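Good morning, colleagues. Please bring up the sequence and the structure on your screens, and I shall then go through the model region by region.

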Amino acid sequence: MLRDLKGYKKCQISTSSLFYYYILKQIQKLRKHIEDVAVEEPYMGERIPLNWLTFDDQKEKISGGKPVMTLKQVMKGIEMEDEPELLTMLKFYHDLGHIIYFGGDGAKKSKTLKDVVILDPHWLINAFKKILIVEPRKEQTVKYRQSWNLLKDEGILEDLLIDLVWQSISEHKQALLDLMDKFDLLCKRVDEEEEHSSPASSMARQPCLAKASYYVPSMLRQRTSRPIQLETIEKNSSVFFVDFKEFLPDGLYHRLVVRALRWSQDLGGRKPDLLYDRASFYVDEHHQFALQMVHQPKRAYIKVSVIRAEVIPPPQSVKKPSADVTRKVKDFVEENLLNLKTMWIERVDYCISVQCPDKKHKVIHFLPLDECMVNSAVDCYFEYSRVSIKTDEIQAMFKQKSPEEEASAREERQPMSDIFFREIANDIGREWKRLATNLHLKHVAVFKIEIEHRESVDEQIFQMLVLWRQKRGNKVNEMRKELIDALIKVDRRDLADKVRDY
Ligand SMILES: [Zn+2]
């Protein structure tokens with residue numbers, strides 16, 4: 001028994017020693033791997049000028065303990081006259097994460113950005129936070145209350161408020177705004193009133209420049225209320241989705257909204273409609289488009305709708321948005337999401353999709369758009385049942401048909417056109433009033449047509465069919481079925497077949 005216990009203890013010691021030995025080996029392996037990776041880095045083995053090292057070692061001293069410094073201060077501090085070399089050095093230390101400097105490349109539009117070398121990232125984050133966190137209401141002074149409300153209700157940041165929150169760092173105001181613009185946290189707002197005011201009147205409203213304002217969509221507080229399971233798609237819209245499976249960060253969505261605001265303003269758009277999770281923008285005089293962020297249990301997506309403007313009075317048939325515009329919007333979303341993913345959040349995964357038109361599952365689910373665009377039918381395996389989905393309608397949202405295809409498609413889509421009714425009217429003859437009854441038209445209405453067009457029976461029949469079409473609201477498939485049924489009831493199977501084959 002005693003011998004057994006001793007044996008057990010001995011065995012335990014040797015197990016833990018083995019364990020430590022194993023861990024040690026793993027740490028050695030990890031260290032070796034880190035060294036190997038580091039050696040592969042492009043800057044390894046490069047010779048760094050001595051004054052570069054001076055800058056890195058003494059930057060806090062050169063800046064006089066401040067978290068930010070100007071290009072001139074750096075130049076003077078390390079005695080470097082050559083500006084291209086200076087910019088290369090700053091970019092090098094930015095890439096290493098020692099400073100924050102965005103003036104080296106891609107900063108053509110911002111001179112102020114070129115002049116700001118940030119030594120302390122916390123300083124930058126705190127400056128942003130001052131804009132991105134609304135001051136509690138009880139701490140707001142009356143003078144600024146309206147501006148705080150404008151920020152959270154309409155996402156508009158006024159210059160007045162910027163001056164308030166950044167009063168201690170006002171010398172860096174423009175550079176900070178440029179950085180927030182570069183990070184797609186805000187964009188400058190084109191104000192319709194200022195745009196249309198004459199130079200004389202804007203001179204009178206001095207100082208005009210101080211009236212600049214910005215859109216900050218992440219600051220909006222109001223959301224859409226949406227208890228829906230299945231997306232309803234309006235007749236005047238073309239809708240596609242960006243399916244993020246389960247992970248869609250709000251920050252990514254808001255950056256896309258900022259870019260959409262810039263794009264729409266460039267196209268001439270003003271007064272976008274903004275909520276925290278939905279925004280709609282002008283594209284051209286006939287179209288607008290909307291982005292909507294949706295989070296559901298185990299599902300997150302952005303719904304993109306291209307919407308044709310309403311026409312008053314409404315036309316007989318609702319027009320779908322132009323395929324060119326829908327494609328333009330899709331290209332915008334695709335390009336910008338890819339760019340944002342590369343810049344900010346590599347690990348996010350998404351797929352540009354369309355909603356599966358098979359509604360029997362009562363749950364929204366998607367089909368990949370690129371597959372739908374190259375195949376005449378795709379399979380949907382939602383909930384393990386295989387359904388083949390025809391893709392012609394999906395493709396039509398993005399592809400303009402050739403003029404001949406367009407003409408024949410139009411004919412196909414409109415079996416209830418005037419030309420079609422004239423052909424039917426010529427063929428019906430005496431049975432037409434019975435047909436009217438079977439089409440559920442009132443006797444008084446038929447009588448009225450008879451009186452008003454007494455010179456021609458064909459015209460009476462034609463007018464009767466037009467009246468019926470008006471009442472049915474041009475729902476082509478339902479109308480076709482109703483007309484076939486009615487013709488069969490008045491013993492005109494020949495005409496019923498003609499309608500079926502039209
Ligand atoms: Zn399906």
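Directly following helix α9, Asp184 adopts a positive phi of about 60°. I should say at once that the model is predicted. The helix that precedes this residue, α9, spans residues 173–182, and its buried residues are Ala175, Leu176, Leu177, Asp178, Leu179 and Met180. Please note that Asp178 is on that list of buried residues. Which helices cover them? The cover over the buried residues of α9 includes α5 (111–114) and α6 (121–132).

From Met180 we can step to Leu186. Setting aside neighbours within four places in sequence, Leu186 contacts Leu157, Met180, Asp181, Tyr214, Tyr215, Val216 and Val258. Leu186 is also prominent in the largest nonpolar core, which has 75 residues: together with Val117, Leu157 and Val304, Leu186 touches the most other members. Helix α12, residues 250–266, makes the greatest contribution to this core, with seven residues. A separate core of 20 residues lies apart from it, and includes Ala425, Leu435, Trp468 and Leu495. As general background, nonpolar side chains in soluble globular proteins tend to be buried together.

Let me remain with α12 for a moment, since Ala260 is located in that helix. Is Ala260 buried or exposed? Ala260 has 26 other C-beta atoms within 10 Å, and is therefore buried, the cut-off for that class being 20 or more. Leaving out neighbours within four places in sequence, the contacts of Ala260 are Ala279, Phe281 and Leu291. For the last of these, the two C-alpha atoms are 9.0 Å apart, while Ala260 and Leu291 are 31 residues apart along the chain.

For the protein as a whole, there are 22 helices and 14 strands. The protein has 502 residues, of which 26% are buried. Among contacts with a separation of 6 or more, 58% are between residues 24 or more positions apart.

I turn now to the other core. Ala425, one of its members, belongs to helix α17, residues 418–428, where Ile424, Ala425 and Ile428 are buried. Viewed along the axis of α17, the buried residues fall within an arc of 105°, and so they line one face of the helix. An α-helix has 3.6 residues a turn, so residues three or four places apart point the same way. On the face of α17 turned away from the buried side we find the exposed residues Ile419 and Asn426. The elements covering the buried residues of α17 include α18 (432–438), α20 (457–472) and α22 (493–501). Just beyond the end of α17, Gly429 has a positive phi of about 75°.

Helix α22 also packs against α21, residues 476–489. Their axes are 8 Å apart and the angle is about 165°, which makes α21 roughly antiparallel to α22. Their crossing is left-handed. From α21, the residues Arg480, Leu483, Ile484, Leu487 and Ile488 meet Arg493, Leu495, Ala496, Val499 and Arg500 of α22.

A second helix pair may be set beside this one. Helix α2, residues 50–62, packs with α3 at an angle of about 120°, with the axes 10 Å apart. The two helices are therefore oblique to each other, and their crossing is right-handed. On the α2 side the contact involves Asn51, Thr54, Phe55 and Ile62, and on the α3 side Gln73, Val74, Gly77 and Ile78.

Finally, I return to backbone angles. Most residues other than glycine have a negative phi. Where does Glu79 lie? Glu79 is in the loop between α3 (71–78) and α4 (83–96), and its phi is positive, near 55°. With 8 other C-beta atoms within 10 Å, Glu79 is exposed. Tyr384, likewise not a glycine, has a positive phi of about 65°. Tyr384 is found in the loop between β13 (377–380) and β14 (387–390). Is Tyr384 buried or exposed? It counts as exposed, because it has 5 C-beta neighbours inside 10 Å, and the limit for exposure is 12 or fewer.

That concludes the presentation, and I welcome your questions.

Notes
Residues numbered from 1 in each chain as written. Predicted model: local features only at pLDDT ≥ 70, side-chain atom pairs only at ≥ 80, totals over all residues. Core = buried A, V, L, I, M, F, W, Y, C linked by C-beta atoms within 7 Å. Helix = DSSP H or I, 4+ residues; strand = E, 2+ residues; numbered from the N terminus. Contact = placed C-beta atoms within 7 Å. Arc of directions from axis to C-beta. Axes fitted to C-alpha atoms, helices over the stretch in contact; angles between N-to-C directions. Parallel < 35°, antiparallel > 145°, perpendicular 65-115°, else oblique. Left-handed = near helix turned anticlockwise from the far one by under 90°.
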